[in-house]
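Work through the exercises below with the structure open beside you. Try each task before you read its solution.

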Amino acid sequence: MLYSQLFASALRSLPGRELPTAVEALIESSFAISRARFWILRDQPVRDASGLRRFRRRLRRLLAGEPLAYILREKEFYGETFRVSPAVLVPRPETELLVEKALELLGREALTVLDIGSGSGAIAVVLALRSRAALTALERSRPALAVLRRNVARFGLQERVRVTAGDLFPRRRGRFRMIVANPPYLSRRDWRRAPRTVRRYEPRPALLAGPRGTEVLARIIERAPSRLEPGGWLLLEIGQGQRRAVQGFLKSAGLKEIDCVKDYAGIERVIVAQKNDLS
Ligand SMILES: C[S@@+](CC[C@H](N)C(=O)[O-])C[C@H]1O[C@@H](n2cnc3c(N)ncnc32)[C@H](O)[C@@H]1O
């Protein structure tokens with residue numbers, strides 16, 4: 001069998017939703033070859049038997065609905081490659097909007113930032129790489145913490161990103177110039193309606209917040225003022241239709257919404273709020 005035939009038959013077996021790039025990625029990882037090499041080898045017979053076995057195993061997992069990122073054990077986010085496992089959420093493109101906004105506000109100053117629910121560390125690592133900020137990456141799940149530590153070390157950021165276990169806020173006192181979070185924000189109903197691959201493979205505590213979906217957002221906002229410096233920013237990723245509720249929480253906490261960023265589908269996705277300069 002030629003590589004081109006392997007590619008074509010794999011593509012035929014997929015139920016339409018998968019892109020040729022997913023099959024290319026599986027071939028590259030299974031045979032340990034680059035994309036360029038794959039195109040050079042296209043018309044050559046496949047001689048690597050163990051690579052072929054690996055490819056078939058991985059293709060079966062993809063066909064069963066497992067996210068490609070878990071099969072490859074990595075995911076690209078903001079131009080960087082992160083290790084992922086089923087212990088962490090697969091970083092999503094819409095979260096790049098939160099990162100973009102945070103970088104805009106941080107500028108070139110060496111400010112302190114808390115990332116709540118860091119997961120793979122995608123947000124914290126990119127902020128550390130692209131700004132001069134000192135990060136605290138906080139996570140509650142033990143298995144997720146292991147992935148987080150691994151990513152921080154892979155990027156050589158142990159000095160800039162302090163990894164800590166906790167429930168929303170670090171136990172150690174201290175205020176931050178910026179708090180960012182992509183917290184769980186699905187309601188029970190959203191969870192039931194989420195794609196099967198999400199429900200089956202992604203960690204439920206990373207996504208499901210409670211009956212309403214806004215429970216974790218409410219807890220973060222309520223406590224944020226006491227952990228923000230005067231004039232500090234709070235950036236939150238939110239779910240579809242949650243802006244109104246979030247505005248209510250912000251008002252009760254005495255924080256001011258200063259921006260709302262829509263995602264590529266036009267959904268209000270990132271809320272930026274600020275603490276009063278004097279408090
Ligand atoms: C939606 S995921 C976001 C992961 C990562 N920040 C990202 O954007 O890809 C939410 C993360 O928050 C963590 N988490 C949930 N509840 C938490 C809590 N009470 N305290 C700390 N982390 C929590 C979950 O384990 C999960 O890793």
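Three exercises on this predicted model follow.

**Exercise 1. A charged patch**

Find which residues gather in a patch of positive charge on the surface, and which helix gives the most to it.

Solution.
- Step 1: Look for the arginines. Arg-188, Arg-189, Arg-192, Arg-193 and Arg-204 form the positive surface patch.
- Step 2: Turn to the helices. Helix α9, residues 188-193, gives the most to the patch, with four residues.
- Step 3: Pick out Arg-189, which lies in helix α9. Its relative accessibility is 48%, so Arg-189 counts as partly exposed.

**Exercise 2. A contact from helix α2**

Decide whether Glu-28 is buried or exposed. Then name the residue whose side chain it contacts.

Solution.
- Step 1: Place the residue. Glu-28 lies in helix α2, which covers residues 20-31.
- Step 2: Read its relative accessible area, which is 17%. Buried means under 20%, so Glu-28 is buried.
- Step 3: Follow the side chain. A polar contact of 2.5 Å joins Glu-28 to Arg-35.

**Exercise 3. Two positive phi values**

Locate Ala-32 and Leu-168, and judge whether each is buried or exposed.

Solution.
- Step 1: Recall the usual case. Most residues other than glycine have a negative phi.
- Step 2: Check Ala-32. Its phi is positive, about 50°. Ala-32 sits in the loop between α2 and α3. With a relative accessible area of 68%, Ala-32 is exposed.
- Step 3: Check Leu-168. Its phi is also positive, near 65°. Leu-168 sits in the loop between β5 and β6. At 10% relative accessibility, Leu-168 counts as buried.

Methods
Residues are numbered from 1 along each chain as its sequence is written. This is a predicted model: local features need pLDDT of at least 70, side-chain atom pairs count only at pLDDT 80 or more; totals for chains, interfaces and linings use all residues. Side-chain values use heavy atoms; hydrogens and water are left out. Patches are made of residues with over 30% relative accessible area and no salt bridge: like charges are joined within 9 Å, nonpolar side chains (Val, Leu, Ile, Met, Phe, Trp, Tyr) within 5 Å. Accessible areas come from the Shrake-Rupley method with a 1.4 Å probe; for residues, only the protein chains shown count as cover. A salt bridge is a side-chain nitrogen of Lys or Arg within 4 Å of a carboxyl oxygen of Asp or Glu. Lys and Arg count as positive and Asp and Glu as negative; His and the chain ends are not counted. The place of a charge is taken as NZ of Lys, CZ of Arg, CG of Asp or CD of Glu. Helices (H or I, at least four residues) and strands (E, at least two) are DSSP runs, numbered from the N terminus. Buried means under 20% relative accessible area, exposed over 50%, partly exposed in between (1.4 Å probe, protein chains only). A polar contact is a pair of N or O atoms within 3.5 Å; within protein, one must be able to donate a hydrogen and the other to accept it, and residues adjacent in sequence count only if both atoms are side-chain atoms.
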